[in-house]
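Please open the model in your viewer and keep the sequence panel beside it. The tour below moves from one selection to the next and says what can be found at each stop.

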Amino acid sequence: MSAPTQDKIDIEARKKGAEIIYKTFSNLLSSLEKGADPKLVIPKRTLANTVFDAEKGILKLGVSKLERKFLDMNESRRFMQTLVMAANIYRALIENEYPTIRDLYYRGKHTIVFHDLDGKHREENTWDEQAESDAALRDLEVMLGLLREDLMILSKEKGKVVGNMRIRSGNDIIDLSKLGHGAYAIESTPDLIEFLDVDAEFVLVVEKDAVFQQLHRVGFWQKYKSILVTGAGQPDRATRRFVRRLNEELGLPVYVLTDSDPYGWYIYSVFKVGSIQLSYESERLATPKAKFLGVSMSDIFGYGRKKPYLTEEERRNYIIKAKDLDIRRAKELMNYSWFRTPLWKREIDMFLDKKAKLEIEAMASKGLKFLAFQYLPEKIQTHDWIE
């Protein structure tokens, strides 16, 4: 009997990952056998080597690379950490295991006991804390051209999705429209999900889990034929990849709803262009066509002929005074070229002028039906968004 479809996808992903690791480090072994100094060539994961590709609308790594040499005292420890991480991942792939990031930290954590040139007893840890093993894993990702999800490495599930859509995950077919008051937790290997069918016209990404739950229970996705997604704050990689696939493979427009403050705007930015720290992932995780639906400053105060959604009394009740940290963060956003468009400049200038911010819950406080059945559909219908 042949293996189930999803099992084959899993097997192929493992095979690809193992082959790339084997080939990469076989080349290292070959150079050693030829008497060459062992070294790893890795793209630099630095701010200076992060560029904004205006044509693609995403952040990406530049062309700069570093050489990590075993015989360089400043690099030898990082060199060996990378090899330890690669060995553990390769072993997990061929043994059909699903390690977590924390597992990989413990699997590689051990102490090397030795005597130095003066005969003194010494001990050296492979790594002292998880930040070191995480850095080794990220180096491997950029070096191999694979994401950790491609290597069957699991992480905590954070994102949720609900809508009129059926998917295949593992050997099961899951109907995302029949989950009661709950939602489907987006698995940490989203490329292993198979989209079977979908009856939706757009995707609404909601910053906050609580607002996601409110919109779900009031039936927003049913009334407006949408897929409802939340990253529960700063989105994890699986949620970002899932949203990218919905847009890229199914052609569904993506709208993002966040708080009206610099942190909410940055969450939108992460969905749209990627993050600076993980810019090497943007080709697969960012959704350049994502649109910022709100909450915008012009929704609160109005602008030109646009009337505000809040009355003066509601503004007094709902607005939160911006702190100095919020002000600094807003000014930082203006350093990024994708926030220097006329519409974003207007929003940020209004924020700096009013020194006020607003949470999505304030719109819900006007009435959940107002948020779900007036504010959101009206903004989509009138194209009142920022790209």
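## Starting inside the sheet

Select phenylalanine 202 to begin, and look across to serine 226 in strand β13, which stands opposite it. The model on your screen is a predicted one, and this pair of residues is a convenient way into its interior. Widen the selection to strand β12, residues 202-206, and to β13, and you will have two strands that pair in the parallel sense over five bridges.

Now turn to the other partner of β13 by selecting strand β7, residues 160-163, which pairs with β13, residues 226-230, in the antiparallel sense over four bridges. Two of the facing residues can be picked out here: lysine 160 has threonine 230 as its bridge partner in β13, while valine 162 has leucine 228.

With these strands displayed, add the remaining members of the sheet, which is open, holds six strands in the order β10-β7-β13-β12-β14-β15, and is mixed in its pairing. At the edges stand β10 (184-185) and β15 (291-294), and because each has a single partner strand, one side of each is left without a neighbour in the sheet.

Return to β13 for a moment and ask: is this strand enclosed or not by the rest of the structure? Five of its five residues are buried, so β13 is largely enclosed. Both of its faces are covered, with Ser226, Leu228 and Thr230 buried on one side and Ile227 and Val229 buried on the other.

## Into the nonpolar cores

Next, select leucine 204 and show its surroundings: setting aside residues up to four places away in sequence, leucine 204 touches Leu215, Phe220, Ile227, Leu228, Val229, Tyr255, Leu257, Leu293 and Leu376. Leu204 and Leu215 are the residues with the most contacts inside the largest nonpolar core, which has 72 residues. Helix α8, residues 262-273, contributes the largest share of this core, namely seven residues. Apart from this core lies another, of 29 residues, and Ile21, Trp127, Val142 and Leu192 are among them. As a general background to both stops, nonpolar side chains in soluble globular proteins tend to be buried together.

## Loops around the strands

Move to the loop between α5 (209-217) and α6 (220-223), where glycine 219 is found. Glycine 219 is buried, with a relative accessible area of 8%. If you also select isoleucine 94, you can draw a line between the two C-alpha atoms, which are 45 Å apart in space, although glycine 219 and isoleucine 94 are 125 residues apart in sequence.

Select lysine 225 next, in the loop between α6 and β13. Its phi is near 45°, a positive value in a residue other than glycine, and at 33% relative accessibility lysine 225 counts as partly exposed. On the other side of the strand, alanine 232 sits in the loop between β13 and α7 (237-250). Alanine 232 is not a glycine either, yet has a positive phi of about 50°, and its relative accessibility of 30% makes it partly exposed.

Then go to the end of β15, where a cis peptide bond, with omega of about 5°, joins glycine 294 and valine 295. Valine 295 belongs to the loop between β15 and α10 (297-301).

The last single residue to select is glutamate 149, in the loop between α4 (130-144) and β7. Is this glutamate buried or exposed? At 8% relative accessibility, glutamate 149 counts as buried, and, leaving out residues up to four places away in sequence, it touches Ser188, Thr189, Pro190 and Arg237.

## Stepping back

Finally, clear the selection and view the whole protein, whose C-alpha trace spans about 80 × 60 × 40 Å along its principal axes. Its secondary structure comes to 15 helices and 17 strands, and 48% of its 387 residues count as buried. Among the contacts with a separation of 6 or more, 71% are between residues 24 or more positions apart. If you switch on a surface, the protein exposes about 19,200 Å², of which carbon and sulfur atoms supply 50%. Colouring by charge brings up 62 positive and 59 negative charges, and the mean positions of these two sets are 4 Å apart.

Note on methods:
Residues are numbered from 1 along each chain as its sequence is written. This is a predicted model: local features need pLDDT of at least 70, side-chain atom pairs count only at pLDDT 80 or more; totals for chains, interfaces and linings use all residues. Side-chain values use heavy atoms; hydrogens and water are left out. A nonpolar core is a set of buried Ala, Val, Leu, Ile, Met, Phe, Trp, Tyr and Cys residues joined through side-chain atoms within 4.5 Å. Buried means under 20% relative accessible area, exposed over 50%, partly exposed in between (1.4 Å probe, protein chains only). Contact means heavy atoms within 4.5 Å. Accessible areas come from the Shrake-Rupley method with a 1.4 Å probe; for residues, only the protein chains shown count as cover. Lys and Arg count as positive and Asp and Glu as negative; His and the chain ends are not counted. The place of a charge is taken as NZ of Lys, CZ of Arg, CG of Asp or CD of Glu. Two strands pair if DSSP finds at least two bridges between them.
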